[in-house]
Amino acid sequence: MLLEIKNLTVKYGPVVALREASFQVEEKDMITLVGANGAGKSTTLRTISGLEKPAGGEIWYDGHRIDGMPAEKILPLGISQVPEGRRVFPGLSVAENLHTGAYTRKDKAEVQRDLEWIYEIFPRLRERHTQAARTLSGGEQQMLAIGRALMARPHLLLLDEPSLGLAPKIVQEIAHTLQEIQRQGVSVILVEQNAELALELAQYGYVLETGQISLEGPTSELRDNETVREAYLGV
């Protein structure tokens, strides 16, 4: 078991954002968290990566309990997050942004190999490696944000709304890339408003409603579930 969430509760003041949620991620799996805005999906990712402190419950990663650890201690363990809205460093070049993802690493030769791998899966980043990130399109900035997270060489990648605001063609490119990342052995937790895309890419899904997991199962079954189809697939 790579990641196990046990009865996780997160609060913002008196407001309970996540209530006793439990789920798990196996090695090389891609799971998805599906739900409406405010359901607790992003809160879950931020708590796993150490950006939010849980009010209760446990987070176990690779046999170690990590709930409550600061983000700078969690990243080197092998958990990397692509935040909603991309949040690249606009004044830095593409190459400089990518290198910031590897700032905790000391293996310079391996960092260079990983940089080449990022350029292989995102050729447009190679073409624009000297450009400032602010000059990139939205889709290119999303590629850069994913590439930066991968430069940390994670075992678990947390993705928050990777298709948000992107053209359909770019969304499909990102989708193919996520499949390739999983094939390379990286486990993925995908948070995605496009539930149809999320259920197509992931192997297992959890439906969050007002901070609680209301439904779970293989994505093939969730796609056929009438409640999911009506609420999230528009069928």
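Start by selecting strand 6 and strand 7, which pair in the parallel sense over 4 bridges. Two strands count as paired if DSSP finds at least two bridges between them. Helices (H or I, at least four residues) and strands (E, at least two) are DSSP runs, numbered from the N terminus. You are looking at a predicted model, in which local features need pLDDT of at least 70 and side-chain atom pairs count only at pLDDT 80 or more, while totals for chains, interfaces and linings use all residues. Residues are numbered from 1 along each chain as its sequence is written, and side-chain values use heavy atoms, with hydrogens and water left out.

**Stop 1: strand 6**

Label Ile-79 and find its opposite number in strand 7, Leu-156. Now look at both faces of strand 6: Ile-79 and Gln-81 lie on one side, Ser-80 and Val-82 on the other, and all are buried. Buried means under 20% relative accessible area, exposed means over 50%, and partly exposed lies in between (1.4 Å probe, protein chains only). In a regular strand the side chains alternate between the two faces of the sheet.

**Stop 2: helix 6**

Next, select residues 138–150, which form helix 6. This helix has 13 residues and reaches 19 Å from its first C-alpha to its last, close to the 18 Å expected at 1.5 Å a residue. That expected span is 1.5 Å times one less than the number of residues. How many residues of helix 6 are buried? The count is 12 of the 13, so the helix is largely enclosed by the rest of the structure. Among the buried ones are Glu-140, Met-143, Ile-146 and Arg-148.

To see what surrounds them, show these elements, against which the buried residues of helix 6 pack:

- strand 6 (79–82) and strand 7 (156–160)
- helix 3 (94–100), helix 4 (108–121) and helix 5 (123–127)
- helix 7 (168–183)

**Stop 3: helix 1 and its lysine**

Move to helix 1 (residues 41–48), where you will find Lys-41. In helix 1, 6 of the 8 residues are buried, so this helix too is largely enclosed by the rest of the structure. They are Lys-41, Thr-43, Thr-44, Leu-45, Thr-47 and Ile-48. Just after helix 1, Gly-50 takes a positive phi of about 90 degrees.

Zoom in on Lys-41. Which side chain of opposite charge is nearest to Lys-41? Glu-161 is, at 4.6 Å, and the buried lysine has no salt bridge. A salt bridge here is a side-chain nitrogen of Lys or Arg within 4 Å of a carboxyl oxygen of Asp or Glu. For charge, Lys and Arg count as positive and Asp and Glu as negative; His and the chain ends are not counted. The Lys-41 side chain does reach the backbone oxygen of Gly-35 at 3.0 Å. Leaving aside neighbours within four places in sequence, the residues in contact with Lys-41 include Leu-33, Val-34, Val-191, Gln-193 and Leu-208. Contact means heavy atoms within 4.5 Å.

**Stop 4: strands 3, 9 and 10**

Leu-33 leads to the next selection. Strand 3 (residues 30–34) runs parallel to strand 9, joined by 4 bridges, and the bridge partner of Leu-33 in strand 9 is Tyr-206.

Add strand 10 (residues 212–218), which runs antiparallel to strand 9 (residues 204–209) and is joined to it by 6 bridges. Gly-205 stands opposite Gly-217, and Val-207 has Leu-215 as its bridge partner. Then follow the hairpin round: there are 2 residues between the strands, and Thr-210 takes a positive phi near 45 degrees. Is Thr-210 buried or exposed? At 67% relative accessibility, Thr-210 counts as exposed.

**Stop 5: the open sheet**

Finish with the open sheet of 4 strands, whose order is 2-1-4-5 with antiparallel pairing. Strand 2 (15–25) and strand 5 (64–65) stand at the edges, each with a single partner strand, so one side of each is left without a neighbour in the sheet.

Strand 1 (residues 3–12) and strand 2 are joined by 7 bridges, with Leu-3 partnered by Val-25. One last residue to pick in strand 1 is Asn-7. Asn-7 has a positive phi of about 50 degrees although it is not a glycine, and at 44% relative accessibility it counts as partly exposed.

Technical notes
Polar contact = N/O pair within 3.5 Å; in protein donor to acceptor, adjacent residues only side chain to side chain.
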